[in-house]
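Trainee: Got a minute to go through a model with me? I'll throw short questions at you.
Mentor: Sure, put it up and ask away.

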Amino acid sequence: MSAINWGQIKETIKTGVGHSNYSNWFEPINFLSVEDGIARLQVPSKFIGDYVSKNFGDFLLHHLSTQDQNIQRLSFELAASKKTLATPTIKENEPALSQRVSRKTMDGDIPGAPLDPRFTFENFVVGKPNELAYAAAKRVAEAGPVTFNPLFLYGGVGLGKTHLMHSISWELHQNRPELNVIYLSAEQFMYQFVRALREKKMIDFKELFRTVDVLMIDDVQFIAGKESTQEEFFHTFNALVDQNKQIIITADQAPGEIRDLGDRITSRLQSGLVVDLHPTTYELRLGILQKKLDLQRVTYPSLEIDNDVLEFLAARISTNVRVLEGALTRLIAFASLVNRNVTLELAQDCLADTLRNSERRVSVEDIQRKVADHYNIKLSDMIGPKRSRSIARPRQIAMFLSKELTSRSLPEIGKRFGGRDHTTVIHGVKRIEGLKNQDDQIAEDLKILQRSLDA
Ligand code: ADP
Ligand code: MG
């Protein structure tokens, strides 16, 4: 017999995680038993089990083991089926296709790829760069009448495309459990297609993908140039659109920019709503850090991180949210090991490598080259004396981007533009700042240039 006083543990947890977390996630959990060092807990849904295991696993384990030191692991079991849930961090082996076809969403299993329980709308921070994408994702998650098909989300690495897709899936799963929702990366789509070919199960394959209500394919650029996968994707796509089923696609570029995708698919992909996620701003990055910190507080209730540390991270790590998050996680782990509050000095020490690697490596010269290419002018004209509009404007754009994307000072930038004075640079930067808001063409050019320089 185990000496677990579950009621008492729940009380402790309640003070640790706050009322709303407690009533959402812990209130519905029943303690079953301890067997061979495994604490068995009963949860009402797979969603709750996954969520608690992922976000509060360590926390819960810690509290249970204070009462029973033999406890090494947790096991979450569904109330009805007594089925043990796989921890979401461990990927299940891909079940055979025929099993997948018959597998229903009844007990909370979502066919397709595993979903990350942290990737919910609630945990997604909305800011200027992603508000449209967020709104569109929310809309399709309502599963009302299909108004745009497909929804095509694109943007650079780590901007939250996968996070939004998983959020849609979770939301649909909660509100419309009867719907058959499939989320897959384009790579997995190909993998399943190839396996179906090999195992002569194409009928099953077609059946599976043509009976879904909502199909999500992540990173579709992956199938570019893969002729027969593309062909099959095209047919699946058309069949679903014909039945008015919602399709959601992501990619790292706009449909028209993905090479080797074929005109038919490109124009199909453009036929719905195309929304891009812009590179993050400082404010958005700060917001994301605060959110992630709040989520971590659940595991480390007494965690203190000075706000200037977050500001420092948001300013210094600007290329990729994933790297930003990694830095925060590392910092928290470090702080909890040494049992100290996280100060700016500690952060600088602990993250020296990360910070070095995420220094923007783009140089003024890179920018000049890209801009000259884009406007089809000679690189030498960037630094030369010509003042005609067709040369001066691209030069100002390059100055503007140099100020935005490098850490060079204005005089340093001027020097690299043929020894120009820093007031000339200021003038150029101001000019483009103004035009950016008035001239759509310039705004578009800047966007393209910025994206290609970020890569
Ligand atoms: P993508 O698929 O666009 O490459 P992901 O969706 O995998 O990017 O996001 C990378 C990481 O950054 C994830 O951990 C995700 O939660 C986080 N992230 C990105 N944007 C946001 C946001 N707006 N709010 C909260 N987290 C975000
Ligand atoms: Mg992704």
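Trainee: How far is a backbone N or O atom of Gly160 from an oxygen atom of ligand 1?
Mentor: That pair is 3.1 Å apart. Keep in mind that this is a predicted model, where local features need pLDDT of at least 70, side-chain atom pairs count only at pLDDT 80 or more, and totals for chains, interfaces and linings use all residues. Residues are numbered from 1 along each chain as its sequence is written, chains are lettered from A and ligands numbered from 1 in the order in which they are written, and side-chain values use heavy atoms, with hydrogens and water left out.

Trainee: OK. Which side chains have an N or O atom 2.9 Å from an oxygen atom of ligand 1?
Mentor: Lys292 is one, at 2.9 Å. Arg322 also has a side-chain N or O atom 2.9 Å from a ligand oxygen.

Trainee: And which residues around ligand 1 come nearest?
Mentor: Val125, Gly158, Thr162, His163 and Glu325, out of 18 around the ligand. Being near a molecule here takes a heavy atom within 4 Å of it.

Trainee: Back to Arg322. Which side chain reaches the backbone nitrogen of Arg322?
Mentor: The side chain of Asn320 does, at 2.7 Å. Asn320 is in the loop between helix H12 (307-316) and helix H13 (321-338); helices are DSSP runs of H or I with at least four residues, strands are runs of E with at least two, and both are numbered from the N terminus.

Trainee: Is Asn320 buried or exposed?
Mentor: Asn320 counts as buried because its relative accessibility is 16%. The cut-offs are under 20% relative accessible area for buried, over 50% for exposed and partly exposed in between, with a 1.4 Å probe and protein chains only.

Trainee: What does Asn320 touch, leaving out residues up to four places away in sequence?
Mentor: Val157 and Gly158, where contact means heavy atoms within 4.5 Å. Gly158 is also among the nearest residues to ligand 1. The C-alpha atoms of Asn320 and Leu159 are 7.3 Å apart, with their positions 161 residues apart along the chain.

Trainee: New topic: Asp276. Where is it?
Mentor: Asp276 lies in strand S8 (residues 273-276). With a relative accessible area of 12%, Asp276 is buried.

Trainee: Which side chains does the Asp276 side chain make polar contacts with?
Mentor: His278 at 3.4 Å and Arg451 at 3.3 Å. A polar contact is a pair of N or O atoms within 3.5 Å; within protein, one must be able to donate a hydrogen and the other to accept it, and residues adjacent in sequence count only if both atoms are side-chain atoms. Beyond four places in sequence, Asp276 is in contact with Pro129, Tyr154, Lys447 and Arg451.

Trainee: What about Gln396, buried or exposed?
Mentor: Buried, at 11% relative accessible area. Gln396 sits in helix H18 (residues 389-405) and touches His427, Gly428, Arg431 and Ile432, not counting residues up to four places away.

Trainee: What's the strand order in the open sheet of three strands?
Mentor: S1-S2-S3, with mixed pairing. The edge strands, S1 (30-35) and S3 (73-78), each pair on one side only; pairing takes at least two DSSP bridges between two strands.

Trainee: How many bridges join S2 to S3?
Mentor: Six, and S2 (residues 38-43) runs parallel to S3. Gln42 stands opposite Glu77 in S3.

Trainee: Last one: where does pLDDT stay under 50?
Mentor: Over residues 86-111. pLDDT is the predictor's confidence in each residue, from 0 to 100, and the chain mean is 85, with 90% of residues at 70 or more.
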